[in-house]
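Reader: Hi! I'm new to reading structures, and I'd like a close look at one part: the place where the ligand sits. Could you walk me through the surroundings of the ligand and then carry on outward from there?

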Amino acid sequence: MKVIVTGGAGYIGSHTVIELVNAGYEAVIFDDLSNSSASMISRIESITKKEIPFCKVDLSQSSECNDAFNDHKDASAVIHFAAFKSVPESVQYPSKYYKNNIGSLINITNCMDEFQIPLLVFSSSCTVYGDAQELPVKETSPMLPPNSPYGHSKQLGEYFLKNLSSVNSSQIKSIALRYFNPIGAHESGDIGELPNGIPNNLMPYITQTAAGVRQELSVYGDDYDTPDGTAIRDYIHVVDLAVAHVKALVYMRSDKSNQDYEIFNVGAGKGSSVMEVILSFERVSGISLNYKIAPRRDGDISSIYAESTHTKKTLDWSEQYDLDDMTRSAWIWEKKLRDL
Ligand code: UFG
């Protein structure tokens with residue numbers, strides 16, 4: 001079974017391509033390489049020992065998108081990662097975010113209908129819950145006003161797929177996976193997160209500080225209403241998240257699935273504070289991290305973590321890795337990347 005993976009050269013996409021190949025699927029990568037590099041594809045190939053067809057394509061351009069799908073119209077499913085994902089950048093350049101994150105989704109679903117590709121897994125985010133008041137968040141928790149154009153683009157993407165599922169003109173069956181905070185790297189240390197420029201996210205900032213690429217980590221706020229005062233997130237190993245995509249495809253093709261649009265949280269269901277992540281990193285690396293307490297970051301919420309029982313039961317998925325596994329694998333990747 002052939003699966004098109006848009007954004008397959010990116011952080012979560014590359015790990016998912018590996019899990020797909022491990023599970024016996026044939027994967028094809030569509031990527032514009034705007035936030036990744038062609039070397040990632042050779043790294044995936046060396047891990048999987050398979051040649052992975054790659055198509056460089058800007059999916060927000062409908063004719064380019066159409067040509068790429070035309071070359072792979074025998075595919076049976078699409079996993080759609082290709083999107084912009086920086087919260088602060090989306091505040092600065094909202095049109096860039098709406099054009100790519102919504103425009104590409106429309107182009108892709110048009111092509112899926114044209115070429116009769118029936119199944120779609122969509123990358124959504126726990127950001128759709130906004131500043132949730134009741135924790136843990138469930139799939140049925142309300143979508144509160146988004147904190148950024150990025151968050152809004154994910155909410156719109158979900159509404160769009162839900163609406164599409166109820167019209168006769170489209171035959172697409174889709175699942176939105178709401179990711180919590182993916183961190184960590186493949187056990188080989190050959191693929192991992194490689195942000196362009198200064199990292200926005202906590203884990204790459206920690207590993208780059210430990211590697212000497214950054215001087216000092218800022219802990220954004222120690223006055224939140226949490227046990228140690230630092231903000232809480234639901235960190236999930238990127239390999240566990242990748243496996244959830246494979247499980248979603250298996251589920252969609254099974255008798256158990258009888259809806260055209262469904263939503264699943266993908267988190268470990270456990271909150272960890274920024275300080276707990278730092279302590280875990282220090283424990284597994286033996287390095288004392290250079291950090292300081294800084295003011296809260298604009299737009300950050302205090303705490304969010306998932307209720308993931310529905311996902312575990314329905315998709316027959318569960319996380320295999322804990323926080324120490326995540327920080328250890330992120331550090332192995334960073335060290336290998338920097339030749340340390
Ligand atoms: N943090 C720091 N210092 C840093 C970076 C982050 O203290 O240098 C803190 C943040 O303030 C936050 C926590 O670490 O409390 C996690 O921050 P990340 O930037 O790693 O992740 P976010 O939870 O802010 O954002 C992530 C994804 C977004 C997604 C969001 C949904 O990056 O794409 O989860 O909640 F929208």
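Author: Happy to! What follows starts at the ligand and then moves on through the chain. Keep in mind throughout that this is a predicted model.

Let's begin with the residues around the ligand. The shell holds 20 residues, and those that come nearest are Asn201, Ser218, Arg233, Arg297 and Asp300. Sorted by class, the shell has 10 nonpolar residues, six polar ones and four charged ones. Which elements supply at least two residues of this shell each? They are α7, covering 202–210, and β8, covering 217–220. The largest share comes from β8, with four residues.

Now look at individual atoms. The side chain of Asn201 has an N or O atom 2.8 Å from an oxygen atom of the ligand. From Asn200, a backbone N or O atom lies 3.4 Å from an oxygen atom of the ligand. Tyr220 also takes part through its backbone, where a polar atom is 2.9 Å from a ligand oxygen. How much of the ligand does the protein cover? On its own the ligand has 680 Å² of accessible area, and the protein covers 90% of it.

Two of the nearest residues, Arg297 and Asp300, are also partners of each other. They form a salt bridge whose closest N and O atoms are 3.2 Å apart. Are they buried or exposed? Asp300 has a relative accessibility of 24%, so it counts as partly exposed. Arg297, at 35%, is partly exposed too. A handy detail for reading these percentages is that buried means under 20% and exposed means over 50%, with partly exposed in between.

Next, stay with strand β8 and pick out Leu217, which lies in it. Leu217 is buried because its relative accessibility is 3%, and the cut-off for buried is under 20%. What surrounds this residue? Setting aside neighbours within four places in sequence, Leu217 is in contact with Leu202, Tyr205, Ile206, Thr209, Ile278, Leu289, Asn290, Tyr291 and Lys292. Leu217 can also be compared with a residue much further along: Ala294 is 77 residues away in the chain, and the two C-alpha atoms are separated by 9.2 Å.

Let's return to salt bridges and widen the view. How many are there? A search of the whole structure finds 12. One of them joins the side chains of Arg178 and Glu158, at 2.6 Å from N to O. This pair links distant parts of the chain, since Arg178 sits in strand β6 (residues 173–179) and Glu158 in helix α6 (residues 149–165), 20 residues apart. Arg178 is buried, with a relative accessible area of 2%, and Glu158 is buried with a value of 2%. In another salt bridge, Arg338 meets Glu334, again side chain to side chain, at 2.6 Å from N to O. Here the partners contrast: Arg338 is partly exposed at 31%, whereas Glu334 is buried at 2%.

Helix α6 is worth another stop, as Ser153 lies there. Ser153 is buried, with a relative accessible area of 2%. Its side chain reaches the backbone oxygen of Tyr150 at 2.7 Å. Leaving out neighbours within four places in sequence, Ser153 is in contact with Tyr97, Tyr98, Asn101 and Ile102.

Some of those names come back with Phe84, which lies in the loop between β4 (77–80) and α4 (87–92). Is this loop residue buried or exposed? At 18% relative accessibility, Phe84 counts as buried. Beyond neighbours within four places in sequence, Phe84 is in contact with Ser34, Lys96, Tyr97, Asn100, Asn101 and Tyr150. The C-alpha atoms of Phe84 and Asn100 are separated by 7.1 Å, and the two residues are 16 apart along the chain.

Finally, here are some backbone details to find for yourself. Leu135 and Pro136 are joined by a cis peptide bond with omega of about -5 degrees, and Pro136 lies in the loop between β5 (119–125) and α6. Lys49 is not a glycine, yet it has a positive phi of about 55 degrees. Lys49 lies in the loop between α2 (39–48) and β3 (54–56), and it is exposed, with a relative accessible area of 70%. Asp339 also has a positive phi, near 60 degrees. Asp339 lies in the segment after α11 (323–337) and counts as exposed at 71%.

Terms used. Residues are numbered from 1 along each chain as its sequence is written. This is a predicted model: local features need pLDDT of at least 70, side-chain atom pairs count only at pLDDT 80 or more; totals for chains, interfaces and linings use all residues. Side-chain values use heavy atoms; hydrogens and water are left out. A salt bridge is a side-chain nitrogen of Lys or Arg within 4 Å of a carboxyl oxygen of Asp or Glu. Buried means under 20% relative accessible area, exposed over 50%, partly exposed in between (1.4 Å probe, protein chains only). A residue is near a molecule or strand if one of its heavy atoms lies within 4 Å of it. A polar contact is a pair of N or O atoms within 3.5 Å; within protein, one must be able to donate a hydrogen and the other to accept it, and residues adjacent in sequence count only if both atoms are side-chain atoms. Accessible areas come from the Shrake-Rupley method with a 1.4 Å probe; for residues, only the protein chains shown count as cover. Ala, Val, Leu, Ile, Met, Phe, Trp, Tyr, Cys and Pro count as nonpolar, Asp, Glu, Lys and Arg as charged, and the others, Gly among them, as polar. Contact means heavy atoms within 4.5 Å.
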